[in-house]
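Colleague: Could you walk me through a few features of this model? I work at the bench, so plain words help.

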Protein chains: 2
Amino acid sequence: MDFKISELQGFTHQIGHLVSQMDYARKTTLDAVKGLTTEELDFLPSEDFNSIGALLLHIAAIEKGFQIEIFDGRTPNQQEMAEWGDPYSLGEKGRQNIKGNSLDFYINKLEEVRQRTLQEFAKLNDKWLYENRLWDNNQSNNYFIWFHVFEDEINHRGQIRLIRKMLSVR
Amino acid sequence: MDFKISELQGFTHQIGHLVSQMDYARKTTLDAVKGLTTEELDFLPSEDFNSIGALLLHIAAIEKGFQIEIFDGRTPNQQEMAEWGDPYSLGEKGRQNIKGNSLDFYINKLEEVRQRTLQEFAKLNDKWLYENRLWDNNQSNNYFIWFHVFEDEINHRGQIRLIRKMLSVR
(Lines give C-alpha, C1' and ligand atoms only; values in the text may rest on other atoms or scores of the structure.)
Protein backbone atom coordinates (compact mmCIF):
# COMPACT_ATOMS: atom_id res chain seq x y z
CA MET A 1 0.00 0.00 0.00
CA ASP A 2 1.14 3.50 -0.83
CA PHE A 3 0.76 6.01 1.95
CA LYS A 4 0.11 9.17 0.00
CA ILE A 5 -2.34 12.00 0.25
CA SER A 6 -3.09 12.89 -3.35
CA GLU A 7 -5.58 12.74 -6.20
CA LEU A 8 -7.40 9.45 -6.57
CA GLN A 9 -8.82 7.89 -9.70
CA GLY A 10 -12.62 8.07 -9.90
CA PHE A 11 -12.89 11.28 -7.87
CA THR A 12 -12.35 14.97 -8.52
CA HIS A 13 -9.04 16.47 -7.35
CA GLN A 14 -9.98 17.48 -3.83
CA ILE A 15 -12.46 14.69 -3.13
CA GLY A 16 -9.59 12.31 -3.97
CA HIS A 17 -7.51 13.90 -1.21
CA LEU A 18 -10.38 13.45 1.21
CA VAL A 19 -10.89 9.80 0.24
CA SER A 20 -7.18 9.03 0.61
CA GLN A 21 -7.37 10.34 4.19
CA MET A 22 -10.56 8.38 4.89
CA ASP A 23 -8.98 5.22 3.45
CA TYR A 24 -5.96 5.49 5.71
CA ALA A 25 -8.11 6.13 8.77
CA ARG A 26 -10.22 3.07 7.96
CA LYS A 27 -7.18 0.84 7.40
CA THR A 28 -5.87 1.72 10.85
CA THR A 29 -9.28 1.15 12.45
CA LEU A 30 -9.44 -2.34 10.97
CA ASP A 31 -5.84 -3.02 12.06
CA ALA A 32 -6.74 -1.97 15.60
CA VAL A 33 -9.50 -4.57 15.94
CA LYS A 34 -7.95 -7.46 14.02
CA GLY A 35 -8.71 -10.85 15.56
CA LEU A 36 -10.99 -9.64 18.37
CA THR A 37 -13.58 -12.12 19.64
CA THR A 38 -17.19 -11.27 20.44
CA GLU A 39 -16.37 -11.35 24.13
CA GLU A 40 -13.50 -8.91 23.62
CA LEU A 41 -15.68 -6.66 21.44
CA ASP A 42 -18.25 -6.56 24.26
CA PHE A 43 -15.74 -5.84 27.04
CA LEU A 44 -16.58 -2.74 29.11
CA PRO A 45 -13.54 -1.28 30.90
CA SER A 46 -15.94 0.20 33.45
CA GLU A 47 -19.67 0.77 33.56
CA ASP A 48 -19.47 4.29 32.16
CA PHE A 49 -17.48 3.33 29.08
CA ASN A 50 -18.22 2.00 25.62
CA SER A 51 -17.18 -1.34 24.25
CA ILE A 52 -14.98 -1.64 21.17
CA GLY A 53 -17.99 -3.10 19.34
CA ALA A 54 -20.12 -0.08 20.20
CA LEU A 55 -17.36 2.28 19.06
CA LEU A 56 -17.09 0.45 15.73
CA LEU A 57 -20.83 0.73 15.14
CA HIS A 58 -20.69 4.38 16.26
CA ILE A 59 -18.12 5.09 13.54
CA ALA A 60 -20.53 3.66 10.95
CA ALA A 61 -23.49 5.50 12.53
CA ILE A 62 -21.81 8.92 12.33
CA GLU A 63 -21.14 8.37 8.63
CA LYS A 64 -24.69 7.07 8.07
CA GLY A 65 -26.10 10.14 9.84
CA PHE A 66 -24.23 12.56 7.59
CA GLN A 67 -25.26 10.57 4.51
CA ILE A 68 -28.91 11.05 5.45
CA GLU A 69 -28.41 14.73 6.29
CA ILE A 70 -26.22 15.66 3.35
CA PHE A 71 -26.89 13.23 0.50
CA ASP A 72 -30.60 12.77 1.24
CA GLY A 73 -31.27 16.21 2.76
CA ARG A 74 -33.57 14.95 5.49
CA THR A 75 -33.63 13.69 9.08
CA PRO A 76 -33.48 9.95 9.87
CA ASN A 77 -36.77 8.02 9.58
CA GLN A 78 -38.12 5.65 12.22
CA GLN A 79 -36.45 2.56 10.78
CA GLU A 80 -33.08 4.33 10.58
CA MET A 81 -33.49 5.61 14.15
CA ALA A 82 -34.22 2.07 15.32
CA GLU A 83 -31.07 0.71 13.69
CA TRP A 84 -28.66 3.59 14.19
CA GLY A 85 -29.94 5.63 17.15
CA ASP A 86 -28.11 3.68 19.86
CA PRO A 87 -24.69 3.49 18.19
CA TYR A 88 -25.01 7.15 17.18
CA SER A 89 -25.63 8.31 20.75
CA LEU A 90 -23.69 5.58 22.63
CA GLY A 91 -24.15 5.79 26.43
CA GLU A 92 -26.49 3.53 28.42
CA LYS A 93 -28.61 2.27 25.52
CA GLY A 94 -25.51 1.52 23.50
CA ARG A 95 -24.14 -0.55 26.39
CA GLN A 96 -27.43 -2.46 26.71
CA ASN A 97 -28.15 -3.06 23.05
CA ILE A 98 -24.85 -3.35 21.23
CA LYS A 99 -23.38 -6.72 22.14
CA GLY A 100 -23.09 -10.33 21.08
CA ASN A 101 -21.92 -9.49 17.56
CA SER A 102 -18.92 -10.93 15.76
CA LEU A 103 -16.16 -8.75 14.33
CA ASP A 104 -17.48 -9.53 10.83
CA PHE A 105 -20.82 -7.97 11.75
CA TYR A 106 -19.14 -4.65 12.55
CA ILE A 107 -16.80 -4.77 9.56
CA ASN A 108 -19.72 -5.45 7.21
CA LYS A 109 -21.67 -2.50 8.62
CA LEU A 110 -18.65 -0.23 8.22
CA GLU A 111 -18.13 -1.36 4.62
CA GLU A 112 -21.79 -1.18 3.68
CA VAL A 113 -22.01 2.42 4.86
CA ARG A 114 -18.69 3.44 3.33
CA GLN A 115 -19.71 1.98 -0.02
CA ARG A 116 -22.51 4.49 -0.35
CA THR A 117 -20.27 7.43 0.62
CA LEU A 118 -17.82 6.50 -2.11
CA GLN A 119 -20.61 6.09 -4.68
CA GLU A 120 -21.95 9.55 -3.85
CA PHE A 121 -18.48 11.11 -3.81
CA ALA A 122 -17.86 9.71 -7.30
CA LYS A 123 -20.89 11.68 -8.57
CA LEU A 124 -19.95 14.94 -6.78
CA ASN A 125 -17.25 17.51 -7.47
CA ASP A 126 -14.93 19.93 -5.69
CA LYS A 127 -17.37 22.81 -6.01
CA TRP A 128 -19.81 20.85 -3.86
CA LEU A 129 -17.04 20.08 -1.38
CA TYR A 130 -16.51 23.78 -0.63
CA GLU A 131 -20.21 24.65 -0.38
CA ASN A 132 -21.11 26.25 2.93
CA ARG A 133 -23.10 24.25 5.42
CA LEU A 134 -23.94 24.72 9.08
CA TRP A 135 -22.24 22.31 11.44
CA ASP A 136 -23.56 22.34 14.98
CA ASN A 137 -24.67 25.95 14.34
CA ASN A 138 -21.20 26.97 13.18
CA GLN A 139 -20.19 28.17 9.74
CA SER A 140 -18.74 25.17 7.98
CA ASN A 141 -18.51 23.49 4.58
CA ASN A 142 -19.08 20.01 3.18
CA TYR A 143 -15.34 19.41 3.23
CA PHE A 144 -15.22 19.99 6.96
CA ILE A 145 -18.17 17.66 7.61
CA TRP A 146 -16.46 14.77 5.85
CA PHE A 147 -13.12 15.65 7.43
CA HIS A 148 -14.97 15.40 10.74
CA VAL A 149 -16.28 11.93 9.81
CA PHE A 150 -12.76 10.52 9.54
CA GLU A 151 -11.31 12.59 12.38
CA ASP A 152 -14.02 11.23 14.69
CA GLU A 153 -13.08 7.74 13.49
CA ILE A 154 -9.41 8.37 14.33
CA ASN A 155 -10.41 9.67 17.77
CA HIS A 156 -12.28 6.43 18.49
CA ARG A 157 -9.52 4.30 16.97
CA GLY A 158 -7.24 5.82 19.62
CA GLN A 159 -9.75 4.78 22.28
CA ILE A 160 -10.09 1.31 20.77
CA ARG A 161 -6.32 0.84 21.00
CA LEU A 162 -6.44 1.85 24.66
CA ILE A 163 -9.39 -0.45 25.47
CA ARG A 164 -7.63 -3.30 23.65
CA LYS A 165 -4.63 -2.71 25.88
CA MET A 166 -6.93 -2.92 28.91
CA LEU A 167 -8.12 -6.32 27.68
CA SER A 168 -4.62 -7.68 28.10
CA VAL A 169 -4.27 -6.45 31.70
CA ARG A 170 -7.69 -7.65 32.93
CA MET B 1 -14.48 30.21 14.75
CA ASP B 2 -15.29 28.98 11.27
CA PHE B 3 -15.09 25.24 10.81
CA LYS B 4 -14.00 25.00 7.22
CA ILE B 5 -11.42 23.03 5.34
CA SER B 6 -10.19 25.43 2.68
CA GLU B 7 -7.38 27.67 1.52
CA LEU B 8 -5.75 29.74 4.24
CA GLN B 9 -4.06 33.11 3.94
CA GLY B 10 -0.28 32.91 4.15
CA PHE B 11 -0.04 29.42 2.68
CA THR B 12 -0.25 27.90 -0.78
CA HIS B 13 -3.58 26.28 -1.75
CA GLN B 14 -3.03 22.77 -0.50
CA ILE B 15 -0.83 23.62 2.48
CA GLY B 16 -3.72 25.86 3.61
CA HIS B 17 -6.01 22.84 3.60
CA LEU B 18 -3.50 20.91 5.68
CA VAL B 19 -3.11 23.75 8.18
CA SER B 20 -6.89 24.12 8.58
CA GLN B 21 -7.04 20.43 9.51
CA MET B 22 -4.10 20.77 11.90
CA ASP B 23 -5.70 23.85 13.50
CA TYR B 24 -8.95 22.03 14.17
CA ALA B 25 -7.14 19.02 15.62
CA ARG B 26 -5.16 21.31 17.94
CA LYS B 27 -8.24 23.21 19.08
CA THR B 28 -9.90 19.96 20.12
CA THR B 29 -6.75 18.75 21.91
CA LEU B 30 -6.65 21.95 23.96
CA ASP B 31 -10.39 21.68 24.68
CA ALA B 32 -9.85 18.12 25.90
CA VAL B 33 -7.32 19.15 28.57
CA LYS B 34 -8.82 22.46 29.68
CA GLY B 35 -8.48 23.07 33.40
CA LEU B 36 -6.50 19.93 34.26
CA THR B 37 -4.25 20.14 37.33
CA THR B 38 -0.71 18.77 37.53
CA GLU B 39 -1.98 15.85 39.56
CA GLU B 40 -4.60 15.06 36.92
CA LEU B 41 -2.05 15.43 34.11
CA ASP B 42 0.18 12.91 35.94
CA PHE B 43 -2.61 10.37 36.58
CA LEU B 44 -1.83 6.86 35.31
CA PRO B 45 -4.95 4.74 34.74
CA SER B 46 -2.79 1.66 35.24
CA GLU B 47 0.93 0.98 35.30
CA ASP B 48 1.12 0.16 31.58
CA PHE B 49 -0.56 3.36 30.40
CA ASN B 50 0.52 6.90 29.67
CA SER B 51 -0.55 10.00 31.52
CA ILE B 52 -2.37 12.84 29.77
CA GLY B 53 0.74 14.97 30.31
CA ALA B 54 2.94 12.40 28.59
CA LEU B 55 0.50 12.18 25.67
CA LEU B 56 0.52 15.97 25.27
CA LEU B 57 4.31 16.04 25.18
CA HIS B 58 4.27 13.07 22.80
CA ILE B 59 2.10 15.06 20.37
CA ALA B 60 4.72 17.83 20.39
CA ALA B 61 7.58 15.29 20.13
CA ILE B 62 6.17 13.63 17.01
CA GLU B 63 5.92 17.02 15.31
CA LYS B 64 9.41 17.98 16.49
CA GLY B 65 10.79 14.69 15.14
CA PHE B 66 9.38 15.29 11.67
CA GLN B 67 10.65 18.88 11.71
CA ILE B 68 14.16 17.61 12.28
CA GLU B 69 13.81 14.86 9.66
CA ILE B 70 12.06 16.88 6.99
CA PHE B 71 12.92 20.54 7.48
CA ASP B 72 16.47 19.97 8.72
CA GLY B 73 17.16 16.72 6.83
CA ARG B 74 19.03 15.04 9.67
CA THR B 75 18.58 12.82 12.73
CA PRO B 76 18.09 14.31 16.22
CA ASN B 77 21.26 15.43 18.03
CA GLN B 78 22.12 14.54 21.62
CA GLN B 79 20.45 17.57 23.14
CA GLU B 80 17.25 16.95 21.17
CA MET B 81 17.28 13.28 22.16
CA ALA B 82 17.64 14.29 25.82
CA GLU B 83 14.66 16.60 25.64
CA TRP B 84 12.38 14.70 23.25
CA GLY B 85 13.41 11.03 23.40
CA ASP B 86 11.14 10.04 26.29
CA PRO B 87 7.95 11.74 25.09
CA TYR B 88 8.62 10.47 21.56
CA SER B 89 8.87 6.84 22.69
CA LEU B 90 6.56 6.97 25.73
CA GLY B 91 6.57 3.71 27.75
CA GLU B 92 8.46 3.21 30.99
CA LYS B 93 10.85 6.17 30.68
CA GLY B 94 7.97 8.44 29.77
CA ARG B 95 6.14 7.35 32.91
CA GLN B 96 9.22 7.97 35.05
CA ASN B 97 10.34 11.26 33.60
CA ILE B 98 7.28 13.14 32.41
CA LYS B 99 5.50 14.40 35.50
CA GLY B 100 5.11 17.33 37.83
CA ASN B 101 4.44 19.81 35.03
CA SER B 102 1.59 22.30 34.83
CA LEU B 103 -0.84 22.42 31.91
CA ASP B 104 0.86 25.63 30.76
CA PHE B 105 4.15 23.78 30.41
CA TYR B 106 2.61 21.35 27.92
CA ILE B 107 0.65 24.02 26.06
CA ASN B 108 3.77 26.14 25.67
CA LYS B 109 5.73 23.19 24.27
CA LEU B 110 2.94 22.41 21.81
CA GLU B 111 2.78 26.03 20.66
CA GLU B 112 6.54 26.47 20.45
CA VAL B 113 6.86 23.43 18.18
CA ARG B 114 3.80 24.33 16.09
CA GLN B 115 5.14 27.84 15.54
CA ARG B 116 8.11 26.48 13.63
CA THR B 117 5.98 24.17 11.49
CA LEU B 118 3.82 27.11 10.42
CA GLN B 119 6.87 29.26 9.67
CA GLU B 120 8.32 26.53 7.47
CA PHE B 121 4.98 25.83 5.77
CA ALA B 122 4.71 29.53 4.89
CA LYS B 123 8.00 29.25 2.95
CA LEU B 124 7.06 26.00 1.16
CA ASN B 125 4.63 25.27 -1.68
CA ASP B 126 2.28 22.58 -2.94
CA LYS B 127 4.94 21.04 -5.19
CA TRP B 128 6.95 20.24 -2.07
CA LEU B 129 3.86 18.82 -0.39
CA TYR B 130 3.48 16.15 -3.08
CA GLU B 131 7.17 15.21 -3.18
CA ASN B 132 7.75 11.52 -2.53
CA ARG B 133 9.28 10.49 0.75
CA LEU B 134 9.69 7.17 2.50
CA TRP B 135 7.57 6.71 5.58
CA ASP B 136 8.44 3.73 7.70
CA ASN B 137 9.86 2.11 4.54
CA ASN B 138 6.61 2.69 2.60
CA GLN B 139 6.12 4.91 -0.44
CA SER B 140 4.71 8.14 0.86
CA ASN B 141 4.78 11.90 0.32
CA ASN B 142 5.31 14.99 2.45
CA TYR B 143 1.56 15.53 2.51
CA PHE B 144 1.01 12.15 4.11
CA ILE B 145 3.71 12.76 6.74
CA TRP B 146 2.03 15.96 7.93
CA PHE B 147 -1.40 14.38 7.68
CA HIS B 148 0.01 11.69 9.96
CA VAL B 149 1.19 14.33 12.45
CA PHE B 150 -2.36 15.58 13.02
CA GLU B 151 -4.00 12.17 12.74
CA ASP B 152 -1.68 10.89 15.47
CA GLU B 153 -2.69 13.91 17.55
CA ILE B 154 -6.40 13.11 17.06
CA ASN B 155 -5.73 9.47 18.03
CA HIS B 156 -4.18 10.63 21.31
CA ARG B 157 -6.88 13.25 21.88
CA GLY B 158 -9.35 10.35 21.84
CA GLN B 159 -7.26 8.60 24.48
CA ILE B 160 -6.96 11.80 26.53
CA ARG B 161 -10.76 12.11 26.59
CA LEU B 162 -11.02 8.53 27.81
CA ILE B 163 -8.36 9.00 30.51
CA ARG B 164 -10.06 12.23 31.61
CA LYS B 165 -13.28 10.23 32.02
CA MET B 166 -11.36 7.73 34.16
CA LEU B 167 -10.26 10.59 36.40
CA SER B 168 -13.86 11.25 37.32
CA VAL B 169 -14.56 7.63 38.30
CA ARG B 170 -11.39 7.08 40.37
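Colleague: How many of the 21 residues of α1(B) are buried?

Modeller: First, a note on reading this predicted model: local features need pLDDT of at least 70, side-chain atom pairs count only at pLDDT 80 or more, and totals for chains, interfaces and linings use all residues. Residues are numbered from 1 along each chain as its sequence is written, chains are lettered from A and ligands numbered from 1 in the order in which they are written, and side-chain values use heavy atoms, without hydrogens and water. Buried means under 20% relative accessible area, exposed over 50%, and partly exposed in between (1.4 Å probe, protein chains only). Helices (H or I, at least four residues) and strands (E, at least two) are DSSP runs, numbered from the N terminus. In α1(B), 16 of the 21 residues are buried, so the rest of the structure largely encloses this helix.

Colleague: What does a positive phi tell me, and where is D136(B)?

Modeller: Most residues other than glycine have a negative phi. D136(B) is not a glycine, yet its phi is positive, about 55°. D136(B) sits in the loop between β1 (132-135) and β2 (138-141) of chain B, and counts as exposed because its relative accessibility is 65%. N137(B), in the loop between β1 and β2 of chain B, also has a positive phi, about 70°.

Colleague: How is chain A laid on chain B?

Modeller: Two copies of a chain are related by a rotation about an axis and a shift along it. Here a turn of 180° and a shift of 0.0 Å along the axis lay chain A on chain B with an RMSD of 0.0 Å (least squares on C-alpha atoms of residues with pLDDT of at least 70 in both). The two copies are therefore related as by a two-fold rotation axis.
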